[in-house]
Every structure is written in structure tokens, then in C-alpha cells.
Amino acid sequence: MKTVSENKSFGGIQGVYSHASQACGCDMTFAVYLPPQAQEGPVPCLWYLSGLTCTHENAMTKAGLQAHAAEAGLALVFPDTSPRGEGIANDEAYDLGQGAGFYIDASQSPWAPHFRMETYIASELRDLVTDNFAVSVLHGITGHSMGGHGALTLAMKYPGHYQSLSAFAPIANPTESDWGRKQLGAYLGPDEAVWSGHDATLLLRHKGWAGDILIDQGADDQFLDLLRPQALGAALTETKTAHSYRMHAGYDHSYYFVSTFARDHVRWHAERLKG
């Protein structure tokens, strides 16, 4: 692991790091914020998964999470959204390829050799972070858009990994959306039965979530038809999953929306990770 940069922020340290990933077969970059409380010992950890076209840097610089994490005593992890670099498969469209890993392990050519973001996030990077930073075994996960999809699906697939869960404007039902069918078909092939394991609405019905979930959605989000929040809302009600699903008039899909409600999400996770 190499240190790219470290900067003091709200009494803690915002670092950016790179390492050779075995899962993705290339160098990967990620960011970790350690609050001032980490100087006294391990602190709970909140993972933030970003959306289409983003890197580790977008939320790190735009979401304003560090101030809230310092107040709550949580570490933050900002992974990248896909493998990158020469020799890595890509597509001219912004919603497929580099910057659009969808937090799944691809099985189809040309994506399979490198696009293994599920294994990377849930296993490799998790081990790297817990081995090298002052974080405890208590982890929460959140994310925005494609990252909200990743947070919901990974939490339900790996329930022992995460003790708290939230999402900002998640892609909630990708098997029925153009933000999903295109990518799942490309990465996983034409068998739609395989896709269901990467759809939060379907996973909630089949696997469930033992805790509660916070979801914020902008009512004026320009991508509502692609996100399909109504499908996830119906599944939450049908499965009687404890949740707070908040629709906010006037808010769109941008980081102005994310930063507005970032403090609520950090506090949500802190209450569940710290009791």
C-alpha cells in the first residue's frame, strides 16, 4: 500500500492510498478518513460507495462527510467505482466500463478479468482497511445512486459484514431499469435469473435485512424513472422491514442533495455502530 496524500481535516486525517489489487488485477486507489478519536484506539467504520462516473474523490471532496464523522467518531472509507488503466476494458458510454463497475463480479468477456468490484469491496479492500487503519470490527455502509445500489445489495448479501445500512437515491430495481439491465447483461450475461442477486428490491424479498434502513431520495431527481424508488418502497412495506424512506421536495440527484442530508446519515450509522 502506498500513501498518495494525507491532509489534516477536522482534527483527523484524510488520506488517499493506492495498492495492487489481486481481485481487480490492477492498481486501485481509495481514500480513508480517520477522525481524531482514532488516535485513542479503533473506531467504527462507515463505507461510502459512489455513483456512475465517480472515483474515490467525488464524495471525499463534495459530500462534507468528514466534519460529521469527526463529530461522531467514525472512520470513512471511499473506494473507487471500478478498475482503471491501460489494458482494462472500457466503453464509450459513461454508464458502462471504467467508472461504472456496479459493485458486482463480472463473468463475461471482456469484463471478467478485472471487473470484480464485489469481491474487492466486500473482501480485499475490507481486509486491507481493517489491517492497516485504526478501525474496529463494526462497519456500516452507504452510497449514492449506483453506490446506493451497491450498499444495499452488499449489505444484504454479506449481513455479517455490516451492522448499519443507508442509501442516497439508490438504483433500487436495476433488473427493471436501463440503469441496470444494460450493465447486468454486459457483466453477467443474458440469464436474468443471475441478475436477481444484484437487485436490492428482489434481494430484500428473498434474503431480507435484519436491521433498519435509512433512504433519502430527491423528489425532483431527474433520474427517478431509472432509480425506481417506488419498487423498493413497496418491497420494504411488503417485507415489514424497519425503514425511514424520505422523499425531499425540490432536491435533485446532485451532491448538493447528498451533502444536505450527509449529517443525518452519519448520525444514523453512529447510533447503530456505537450504541
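Q: Which does Pro229 count as, buried or exposed?
A: In this predicted model, local features need pLDDT of at least 70 and side-chain atom pairs count only at pLDDT 80 or more, while totals for chains, interfaces and linings use all residues. Residues are numbered from 1 along each chain as its sequence is written, and side-chain values use heavy atoms, with hydrogens and water left out. Buried means under 20% relative accessible area, exposed over 50%, and partly exposed in between, with a 1.4 Å probe and protein chains only. Because its relative accessibility is 11%, Pro229 counts as buried.

Q: In which helix is Pro229 found?
A: Helices are DSSP runs of H or I with at least four residues, strands are runs of E with at least two, and both are numbered from the N terminus. Pro229 belongs to the helix of residues 229-238, which is α9.

Q: Which residues is Pro229 in contact with, leaving aside its neighbours within four places in sequence?
A: Contact means heavy atoms within 4.5 Å. One partner, Gln217, lies 12 residues apart from Pro229 along the chain, with 7.9 Å separating their C-alpha atoms. With neighbours within four places set aside, the partners of Pro229 are Gln217, Ala172, Leu224 and Tyr245.

Q: At what angle do helix α2 and helix α10 pack?
A: Axes are lines fitted to C-alpha atoms, for helices over the stretch in contact, and angles run from 0 to 180 degrees between N-to-C directions. The axes of α2 (residues 65-72) and α10 (residues 255-274) are 9 Å apart, and the angle is about 30°. That makes the two helices roughly parallel, a label for angles under 35 degrees, whereas over 145 is roughly antiparallel, 65 to 115 roughly perpendicular and the rest oblique. The packing angle is thus about 30°.

Q: Which residues of α10 does α2 meet?
A: From α2, the residues taking part are Leu65, His68, Ala69, Glu71 and Ala72. Their partners in α10 are Ala262, Arg263, Val266, Arg267, Ala270 and Lys274.

Q: How many of the residues of α2 are buried?
A: Helix α2 is mostly covered. Its buried residues are Leu65, Gln66, His68, Ala69, Ala70 and Ala72. Of its eight residues, the number buried is six.

Q: What radius of gyration does the chain have?
A: This radius is taken over C-alpha atoms, and the globule rule is 2.2 Å times the number of residues to the power 0.38. For 275 residues, a compact globule would come near 19 Å, and the chain agrees with this at 17 Å.
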